[in-house]
Amino acid sequence: MSDIALLPSVSQFLGRDHGLYIDGGYVACSTTAKLKVINPANGEVIAQVSDAGQSDIDCAVNSANLGFKIWSKTSPAARAAVLFKLADLLEQNREELAQIETCQSGKIIHIARAFEVDQAAHFLRYYAGWATKITGETITPSLPSFAGERYTAFTLREPVGVVVGIVPWNFSTMIAIWKLASALTTGCSIIIKPSEFTPLTILRIAELASEAGLPPGALNVLTGSGLVGKALIEHPGTDKVSFTGSVPTGIAVGKGAMDAKLTRATLELGGKNSVGFLRDIDLDKAADGIIEAGFLHSGQICAAAERFFAHRSQIEPIMEKLSQRLASLKIGSPLDEATQFGPVTNKQHQQKLAGFFETARSENSTIVYGGKLIEGPGCYVEPTIILANSINDTLLNEETFGPIATFFPYDTEEELLHLMNNTPYGLSASLWTNDLSKALRLVPEIQAGTVWVNMHTMLDPAVPFGGIKSSGIGREFGSAFIDDYTELKSVMIRY
Ligand code: NDP
């Protein structure tokens, strides 16, 4: 097989002189600084985007405040209609968006189509449905009545204002959609700051949002470095930050938001997610489960599992079966439809993973499979299996965000629970067993925002998602996001 041909519209888009998307259209950046966007599959520069300066940031915030005035007064049904139209437009431009995403992130084209477009449209429609269903409540106060006066009270859910959406590079389209859909359905306006590694698809989506009827300023996109995100959070004209990214940056973002003016913050951070195989598990099912949990999109998924615990008697056969599965993966160009395993998203990340391989060797962990970079201009690393030497091994404790499954044996179920919870993080975990009764008894003992049974990594817009412990604050999806994007106003009336 060979690479699919890029659509003419993709080549045309990549070749543009990309400005900043403010007030419903592109404006020239105030600085001449440019950021190169590099295709991680071959190291080629595919586009350049602007690096926003302070006056661009002021301009975007001003526009978002004006946009908020209009959008927050737009009826819920009209807001929903725009978001539904945008979902249709994502699907109508499916191949173009998927190809742009694959070129900038190295995500294999199947995943770009299925997740970055199809799933993004699915999530967008789910959020759109909420616009007409956000309600307050009525309350009867118990205040004393001295002369026959009575009281009633009700609550209003009001949009929080101008949201700053900061998006990482791993799912630059889908995560941007989660943020803009949460903001727009509740009546907020939003400024998206994509990762400097993957800034392109959201610029195209901003154009589609205008085509769908979104008023100017309701969605602005500022490309640039992390400093642009920092300046937006600390800007007096913004009201909330919704951040998805690493734990250290998330802590800095949270501090910056609090220091600015108690700016509201939702933090969706990383983790070190665990998988526990109970003894009754079928070994082939376990091996398939690890591919799903740890190797989809080369492990670059916040909810992906990185620590795998199997009973001492089963750990060797499970790793053996997994090695066979990994050996059969077709590694190659992400634009080749036959490819099952592509590059990681950038050179820095590839080098970071190389550092983890060295650390594993220096700590005498056993590298069961892989453990090297793949030579060439692209950012490829081998899918890797590691058997940790002790529970203190770095690979069992630090997030790698790569295609590395680290194993450790357990002897008793008490030990399994201790191992699964022995991490400062708590984003996700999964249990694999044929004994659902036992699984349901163990679920409450597991410290994670999401616990899957016989599945891992799969997200649904109706099911709240977010971290406990150091994996974040706040929830996305379900109805839970409404609390984070609205303020609750109480109204009391004497009559
Ligand atoms: P980073 O934390 O490095 O960056 C995330 C975003 O923050 C980028 O847009 C980055 O911009 C921006 N940024 C960097 N510094 C600042 C700052 N001081 N203030 C404001 N914004 C800043 O994460 P990665 O992009 O490397 O993404 C990988 C991480 O994201 C992993 O840890 C992963 O677990 C986590 N993640 C969590 C998810 C969840 O839902 N819980 C989902 C997906 C990923 P720039 O790129 O330009 O530096």
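In this predicted model, Arg-157 is a handy place to start: with a relative accessible area of 26%, this arginine is partly exposed. Its side chain meets that of Asp-483 in a salt bridge, at 3.1 Å from N to O. Arg-157 belongs to strand β6, which covers residues 151-159, while Asp-483 sits in helix α16, residues 480-485, so the contact ties together parts of the structure that lie 326 residues apart in sequence.

Strand β6 also holds Glu-158, and here a second link turns up. The side chains of Glu-158 and Lys-489 form a salt bridge, again listed at 3.1 Å from N to O. Lys-489 comes from strand β22 (residues 486-494), so this pair joins parts that are 331 residues apart in sequence. As for exposure, Glu-158 is partly exposed, at a relative accessible area of 26%. Lys-489 is partly exposed too, with a value of 38%.

Another salt bridge brings in helix α7. Glu-207 pairs with Arg-16, and the closest N and O atoms are 2.6 Å apart. Glu-207 lies in α7, which runs over residues 200-212, whereas Arg-16 is found in the loop between α1 (8-14) and β1 (20-22), so the two partners tie together parts 191 residues apart in sequence. How much of each partner is open to the surroundings is a separate matter. Glu-207 has a relative accessibility of 16% and counts as buried, because the cut-off for that class is under 20%. Arg-16, at 27% relative accessibility, counts as partly exposed.

This pair does not stand alone: salt bridges with shared partners join Arg-16, Glu-96, Arg-204 and Glu-207 into one network. Across the whole model, the count of salt bridges comes to 25, and the contacts Arg-157 to Asp-483, Glu-158 to Lys-489 and Arg-16 to Glu-207 are among them.

Turning from side-chain contacts to strand pairing, β3 and β4 give a picture of their own. Strand β3 takes in residues 34-38 and strand β4 residues 45-50, and the two run antiparallel, paired over five bridges. Within this pairing, Leu-35 stands opposite Val-49 of β4. The two strands form a hairpin with six residues between them, and in that hairpin Gly-43 adopts a positive phi near 80°. As a general point, side chains in a regular strand alternate between the two faces of the sheet.

Conventions:
Residues are numbered from 1 along each chain as its sequence is written. This is a predicted model: local features need pLDDT of at least 70, side-chain atom pairs count only at pLDDT 80 or more; totals for chains, interfaces and linings use all residues. Side-chain values use heavy atoms; hydrogens and water are left out. Two strands pair if DSSP finds at least two bridges between them. Helices (H or I, at least four residues) and strands (E, at least two) are DSSP runs, numbered from the N terminus. A salt bridge is a side-chain nitrogen of Lys or Arg within 4 Å of a carboxyl oxygen of Asp or Glu. Buried means under 20% relative accessible area, exposed over 50%, partly exposed in between (1.4 Å probe, protein chains only).
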